Structure formats: C-alpha cells, structure tokens
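Colleague: I'm new to this one. Could you pull it up so we can look together?

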Amino acid sequence: MITITAATGQYGRLVIDELLKRGVPASGIVAAVRDPAKATDLAERGVQVREADYDRPKTLVPAFTGTTTLLLIPGAVFGQRYPQMRRAIAAAAEARVGLVAYAGFVNTGISTLRLGEEHKQTEQELRSSGLPNVMLRNGAYTEMYTSTLGPALEQGAIIGSFGDGKISAATRADLAAAAAAVLTSDDQTGKVYELGGTAFTMSDLAAEVSRQTGKPITYRDLPVDQYAKILAGAGLPDAFADLLADTSLAATRGDWYTDSTDLPQLIGRPSTPLAHAVADALRAGPARTLDPRG
C-alpha cells in the first residue's frame with residue numbers, strides 16, 4: 001500500500017496520477033487528506049481516501065495503517081510544518097510503516113533558507129525515528145515563477161532579489177514523476193535525491209517571456225528590504241513578505257541550485273524546459289498569486 005499525504009494538493013494529486021500511470025492499482029493507493037470531501041474525485045477513481053489531519057494526531061495512525069511506503073508531504077503553513085511532521089513521523093512509527101519518503105527542499109543539508117529550516121528539522125526527526133527513509137529534496141517549482149507573470153507583462157519587468165543566482169527549478173509534474181519512480185522502486189532506504197531541473201536565472205526567465213510574447217521584458221534586481229516592501233504593498237502580511245523576499249535572496253547564495261542529475265535519471269528523460277513551462281503559463285493566462293513552494 002502506498003500512502004500519499006496532503007493528496008489533494010497540486011503536487012500530491014500529480015503523484016497519484018503518476019502512480020496510476022505506472023500501473024499501481026488505485027485500490028493500492030491511499031490518499032491521506034485533511035478533508036475527505038475534497039477528495040471525492042480520487043475516490044471515484046478507486047483510490048482509498050482516509051482522513052489524516054496533521055493537527056489531529058488521532059487521525060494519523062488509522063490513515064497510515066497497512067502502509068508499506070508513505071510519501072510525507074509537508075503542510076503549507078510556515079512555522080507549523082515541523083510540529084506537524086513530528087506528529088506524522090510518530091504516527092508512521094506506531095503504524096509500522098515500511099518506508100517514509102519525505103518531500104523537502106533541494107540542498108536541505110546546507111541551505112540558508114529561512115523557509116528551509118523546518119525541512120532540516122524534519123529530516124533529522126525522521127532519521128532519529130529509526131524508520132527506513134528516503135529524502136526527496138525538491139527544487140523550486142517552475143510554476144512559482146511562470147504563474148505570476150501578469151505584473152511583469154503589464155510593467156515590462158520581473159522584479160526580485162535573485163541577483164544572478166541560478167535556480168534549478170522543475171515543474172510539479174516532473175517532481176511528481178520522480179516521486180512516483182522512487183515510491184515504486186526497491187532498495188530506496190537511506191537514499192537522498194537532489195531533484196532539480198536545468199538551471200536558469202531571472203534574467204533568463206525575462207528573456208524567454210520577452211521572446212514568446214514579443215514584449216520587452218527585463219529583470220530588475222532590488223535590495224531585499226525594498227522587495228519585501230513591494231510584496232507587502234501588494235497585500236501580503238509583512239512577515240510573509242519578508243519570508244518570500246528571503247526566499248528570493250537565497251538564490252544569490254546558491255540555495256536553489258544543484259548540478260545533480262537525479263531528476264532526469266529518475267524520470268527517464270530531461271526535465272521540462274523553461275520555454276515549455278513559460279508557454280504553458282502564457283496559454284493558461286498568468287495569475288497574480290504567489291506560491292512560496294508550499
């Protein structure tokens with residue numbers, strides 16, 4: 001039995017799709033979700049749906065019972081992720097889960113990201129638990145950058161504090177395919193995968209958007225405090241704006257870059273090119289919402 005937590009999120013749903021493509025029977029997949037009412041479409045496909053609320057520990061052991069392989073996807077609320085993951089790991093141990101795969105951040109071991117601190121704590125908690133484990137250190141979602149192009153198209157500039165930092169982003173679909181490959185493979189205990197796509201800078205992104213739209217788009221680099229003020233001015237809470245600005249600045253420190261080839265090796269093909277991701281986003285109509293890789 002393969003259990004996916006946070007299974008109604010975008011990444012979790014894609015992992016389930018990939019498992020089904022790989023021939024895993026729907027009855028052999030558990031979608032462990034906070035609100036089962038949001039997973040009726042998964043149930044209609046034959047996937048088992050079980051309630052699993054990180055903030056209600058009593059729901060976790062029953063959700064994990066019978067699981068041979070568990071994909072632990074952290075929650076989206078900064079500051080709550082580690083306490084939630086600690087409870088989930090304890091429940092996995094009580095349910096005697098065979099293997100826990102944790103979906104964290106690329107470069108967790110050396111990352112300076114404020115947003116990554118809870119991933120460090122969770123990895124340590126998982127290792128200390130004695131449970132067999134494998135780390136899926138996901139790069140930034142390409143969609144984090146391509147789905148927020150509306151203001152750039154209006155103003156002719158992408159802004160941030162990325163400097164010339166390289167970002168080994170990958171699409172959610174690519175990262176989900178990698179997760180499915182690991183979840184359906186033997187001998188994964190103790191492995192650590194650094195999962196990143198072909199690296200690009202924000203200047204590269206601006207140039208690609210300009211090429212595809214025919215509009216002059218540039219990248220404008222800002223001091224991190226100024227960028228945080230702009231984010232706050234757009235309606236984000238000050239603390240969250242500061243956190244996102246730090247996530248941007250982290251690119252200058254190499255936190256979002258990896259030269260690992262783990263991703264293409266797992267999915268059996270190159271990662272989705274930036275040009276394809278930009279084209280998909282432009283067809284969909286660029287949104288204005290921000291996604292902090294939750």
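Colleague: At what angle do α4 and helix α5 pack?

Modeller: Heads-up: this is a predicted model, where local features need pLDDT of at least 70, side-chain atom pairs count only at pLDDT 80 or more, and totals for chains, interfaces and linings use all residues. Residues are numbered from 1 along each chain as its sequence is written, and side-chain values use heavy atoms, leaving out hydrogens and water. Helix α5 spans residues 117-129 (helices are DSSP runs of H or I, at least four residues; strands are E runs of at least two; both are numbered from the N terminus), and its axis is 9 Å from that of α4. Between N-to-C directions, on a 0 to 180 degrees scale, with axes fitted to C-alpha atoms over the stretch in contact, the angle is about 15°.

Colleague: What does that make α4 relative to α5?

Modeller: Angles under 35 degrees count as roughly parallel, over 145 as roughly antiparallel, 65 to 115 as roughly perpendicular and the rest as oblique. At about 15°, α4 is therefore, relative to α5, roughly parallel.

Colleague: Which residues of α5 make the contact with α4?

Modeller: Contact here means heavy atoms within 4.5 Å. On the α4 side you'll find R81, Y82, P83, M85, R86 and I89. Facing them on α5 are E118, H119, Q121, T122, E125, L126 and S129.

Colleague: How far apart are the axes of α10 and α11?

Modeller: These two are helix α10, residues 224-233, and helix α11, residues 238-249. They pack at about 135°, and are therefore oblique to each other. Their axes are apart by 8 Å.

Colleague: How many nonpolar residues are in the contact of α10 with α11?

Modeller: α10 brings V224, Y227, A228, L231 and A232, while α11 brings residues including A241, L244 and L249. Ala, Val, Leu, Ile, Met, Phe, Trp, Tyr, Cys and Pro count as nonpolar, Asp, Glu, Lys and Arg as charged, and the others, Gly among them, as polar. On that split, one residue of the contact is polar and three are charged, and the nonpolar count is nine.

Colleague: How do α9 and α13 lie, then, given their angle?

Modeller: Helix α9 (residues 202-213) and helix α13 (residues 274-284) have axes 10 Å apart and an angle of about 55°. That makes α9, relative to α13, oblique.

Colleague: Which element gives the largest share of the lining of the largest pocket?

Modeller: A pocket is an open set of points on a 1 Å grid where a 1.4 Å probe fits, with protein on both sides within 12 Å along at least five of seven lines, and lining residues have an atom within 4 Å of a point. The largest pocket is lined by 34 residues, with A6, G9, P74, G75 and A76 nearest its centre. At least two lining residues each come from α1 (10-21), β2 (29-33), α4 (81-94) and β5 (99-105). The largest share, four residues, comes from α1.
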